[in-house]
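Biologist: I would like a close look at a single part of this protein, followed outward to whatever it touches. Please explain each term as you go, since I am new to reading structures.

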Amino acid sequence: MSWFKRKTKGITTTTEEKKDTPKGLWYKSPTGKIVDADELEKNFYVSPEDGYHVRIGSKEYFEILFDDNKFKELDANLESKDPLKFEDTKKYPDRLKEAQKKTELKDAIRTAVGKSKGKDLVVACMDFAFIGGSMGSVVGEKIARAADYALQKKIPLMVISKSGGARMMEAAFSLMQLAKTSVKLAQLGDAGIPYISLCTDPTTGGTTASFAMLGDINISEPGALIGFAGPRIVRDTTGKDLPEGFQTSEFLLEHGFLDFITLRKDLKNKVNQYLDLILNQPFRA
């Protein structure tokens with residue numbers, strides 16, 4: 001005797017009536033750990049199962065660094081042009097429009113000023129979601145303008161790098177941003193205004209060759225990929241096998257390229273503790 005009997009033969013639910021599980025309820029880390037999305041957000045987008053720091057963008061970093069998530073965005077409407085009339089599988093302006101629609105960003109970086117633990121801080125944060133965080137004219141210009149703002153107002157500057165490198169659609173215009181941003185950061189140094197560079201996953205190419213490694217203090221998150229050329233290029237160029245963990249933040253810390261690695265939950269405290277130290281001001285609780 002069967003426990004259950006089907007009243008009607010066959011499946012009667014139509015395709016339109018079927019309900020799928022909504023996207024975004026769960027996150028799977030690279031080690032295979034499954035984390036509830038809400039729990040992940042409460043844990044600063046770090047997997048509590050294995051400590052993996054999930055790749056996030058400017059929206060999330062501003063929430064972490066600015067008090068009560070209050071800030072004034074700088075140069076919010078700056079957009080890239082197409083000086084070279086570049087076209088590959090798509091025209092460059094079309095690719096820009098597609099990225100803007102997909103990410104709701106104007107370009108691969110946002111800059112803002114606000115209070116962090118009660119003191120003013122200028123933050124320039126890159127977004128990998130926008131054409132791989134590639135560095136074009138807008139990225140360089142916004143960093144330069146953020147540095148000018150910091151110089152004018154005597155406010156510390158922090159740049160959060162997350163980039164695949166220079167934007168090929170802008171060719172030499174993109175490469176010139178390395179020089180422009182480096183000059184502006186040198187002006188901050190001459191004025192005695194602190195500059196903090198945070199390298200996140202990934203920080204590669206022209207960003208590493210310029211502003212990402214020019215901080216008065218260079219810091220990173222755990223497990224971040226940081227380097228100029230990819231491992232395959234380095235291996236082919238040197239003709240040598242690369243050591244284990246090559247181009248991870250832990251490897252760079254061991255070899256003196258970074259000053260320290262910080263967990264994301266400690267980022268705000270660590271950054272402001274450093275600023276209090278070098279500015280010779282009382283520690284903020």
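Which residues of α2 are buried?

Modeller: This is a predicted model, in which local features need pLDDT of at least 70 and side-chain atom pairs count only at pLDDT 80 or more, while totals for chains, interfaces and linings use all residues. Residues are numbered from 1 along each chain as its sequence is written, and side-chain values use heavy atoms, with hydrogens and water left out.

The buried residues of α2 are Ser58, Glu60, Tyr61, Phe62, Ile64 and Leu65, where buried means under 20% relative accessible area, exposed over 50%, and partly exposed in between (1.4 Å probe, protein chains only). With 6 of its 8 residues buried, α2 is mostly covered. Helices and strands such as these are DSSP runs numbered from the N terminus (H or I with at least four residues for a helix, E with at least two for a strand), and the protein has 8 helices and 9 strands.

What covers this helix? The buried residues of α2 pack against β3, β4, β5 (119-126), β6 (157-163), β7 and α8, with contact meaning heavy atoms within 4.5 Å. Several of these neighbours can be followed one by one.

In strand β4 we find Ser116, which is buried, with a relative accessible area of 0%. The side chain of Ser116 reaches the backbone oxygen of Leu65 at 2.8 Å, and Leu65 is one of the buried residues of α2. This is a polar contact, a pair of N or O atoms within 3.5 Å; within protein, one must be able to donate a hydrogen and the other to accept it, and residues adjacent in sequence count only if both atoms are side-chain atoms. Beyond its neighbours within four places in sequence, Ser116 is in contact with Leu65, Asp67, Leu121, Lys268, Asn272 and Arg284.

Two residues of that list, Lys268 and Asp67, meet through their side chains in a salt bridge, at 2.7 Å from N to O. This pair links distant parts of the chain, since Lys268 belongs to helix α8 (residues 267-278) and Asp67 to the loop between α2 (58-65) and β3 (71-74), 201 residues apart. A salt bridge here is a side-chain nitrogen of Lys or Arg within 4 Å of a carboxyl oxygen of Asp or Glu, and by this rule the count comes to 18.

Strands β3 and β4 are also joined by a salt bridge, this one between Glu73 and Arg110, with the closest N and O atoms 3.2 Å apart. That pair again links distant parts of the chain, with Glu73 in strand β3 and Arg110 in strand β4 (residues 109-116), 37 residues apart. The two partners fall into separate classes of accessibility: Glu73 counts as partly exposed at 28%, whereas Arg110 counts as buried at 15%.

In strand β7 (residues 195-203), another neighbour of α2, lies Pro202, and a cis peptide bond with omega of about -5° joins Asp201 and Pro202.

Helix α8 can be followed as well, and Ile278 has its place there. At 41% relative accessibility, Ile278 counts as partly exposed, and together with Leu277, Leu279 and Phe283 this residue forms a nonpolar patch on the surface, with about 390 Å² of accessible area. Patches are made of residues with over 30% relative accessible area and no salt bridge, like charges being joined within 9 Å and nonpolar side chains (Val, Leu, Ile, Met, Phe, Trp, Tyr) within 5 Å. The accessible areas themselves come from the Shrake-Rupley method with a 1.4 Å probe; for residues, only the protein chains shown count as cover.

To set this part in the whole, of the 285 residues of the protein, 44% count as buried. Among contacts in the protein with a separation of 6 or more, residues 24 or more positions apart account for 66%. The accessible surface of the protein comes to about 16,200 Å², of which 54% belongs to carbon and sulfur atoms, and the C-alpha atoms fill a box of roughly 85 × 50 × 45 Å, taken along the principal axes.
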